[in-house]
Amino acid sequence: TEPITPLMVGTTIAELAAQRKAVVLIPAPYLTGGHQLKNAEELAKNQAALVVANDAPPDKLLQTVTKVLKDGSLRQKLADNLGKLAKIDAADKLAELLLGIANKK
């Protein structure tokens, strides 16, 4: 199997946001620039995901996942807040931007 790349992780989170799914993240803190950690912290700050540290003991992950599975209102809040952050029309906006730049040349 191929390794999971940062792009794949970001794409997965974007897809989960578009589908309004609750998320528990375990960011890799040592990737270039610590972007996974920064993104996870931002999502947690917006109550759009729960974050478990990469070096947390397995029981911490189990507790967090169990909490989300048992608490429907928490699950819904996480899903709704993540969904609010989704940029559903991002591809269209990017295409418009690129076409605008291409037409100026």
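The following paragraphs lead from the nonpolar core of this predicted model, through two residues that touch its members, to a salt bridge and a helix in the open. Residues are numbered from 1 along each chain as its sequence is written. In this predicted model local features need pLDDT of at least 70 and side-chain atom pairs count only at pLDDT 80 or more, while totals for chains, interfaces and linings use all residues; side-chain values use heavy atoms, with hydrogens and water left out.

The largest nonpolar core has 9 residues, namely Ala17, Val23, Leu25, Ala40, Leu43, Ala48, Ala49, Leu82 and Ala86. Such a core is a set of buried Ala, Val, Leu, Ile, Met, Phe, Trp, Tyr and Cys residues joined through side-chain atoms within 4.5 Å, where buried means under 20% relative accessible area, exposed over 50%, and partly exposed in between (1.4 Å probe, protein chains only). Leu82, a member of this core, is in contact (heavy atoms within 4.5 Å) with Leu16, Ala17, Lys21, Val23, Leu43 and Ala48, once neighbours within four places in sequence are left aside.

Ala49, another core member, is found in the loop between helix 2 (35-45) and strand 2 (50-51); helices (H or I, at least four residues) and strands (E, at least two) are DSSP runs, numbered from the N terminus. With a relative accessible area of 3%, Ala49 is buried, and, not counting residues up to four places away in sequence, Ala49 touches Val23, Leu25, Leu43, Ala44 and Leu78. The C-alpha atoms of Ala49 and Val24 are separated by 5.8 Å, although the two lie 25 residues apart along the chain.

Leu85, placed in helix 4 (residues 72-85), is partly exposed at 37% relative accessibility. Beyond four places in sequence, Leu85 touches Leu43, Asn46 and Ala48, and from C-alpha to C-alpha Leu85 and Ala17 are 7.0 Å apart, with their positions 68 residues apart in sequence.

The count of salt bridges (a side-chain nitrogen of Lys or Arg within 4 Å of a carboxyl oxygen of Asp or Glu) comes to 1. The side chains of Glu42 and Lys45 meet in a salt bridge at 3.4 Å, N to O, and, being 3 residues apart in helix 2, these residues are separated by about one helical turn. Glu42 is partly exposed at 40%, whereas Lys45 is exposed at 61%.

Helix 5 (residues 90-104) has 15 residues, and because the number buried among them is 0, helix 5 lies largely in the open. Its end C-alpha atoms are 21 Å apart, which agrees with the expected span of 21 Å, taken as 1.5 Å times one less than the number of residues.
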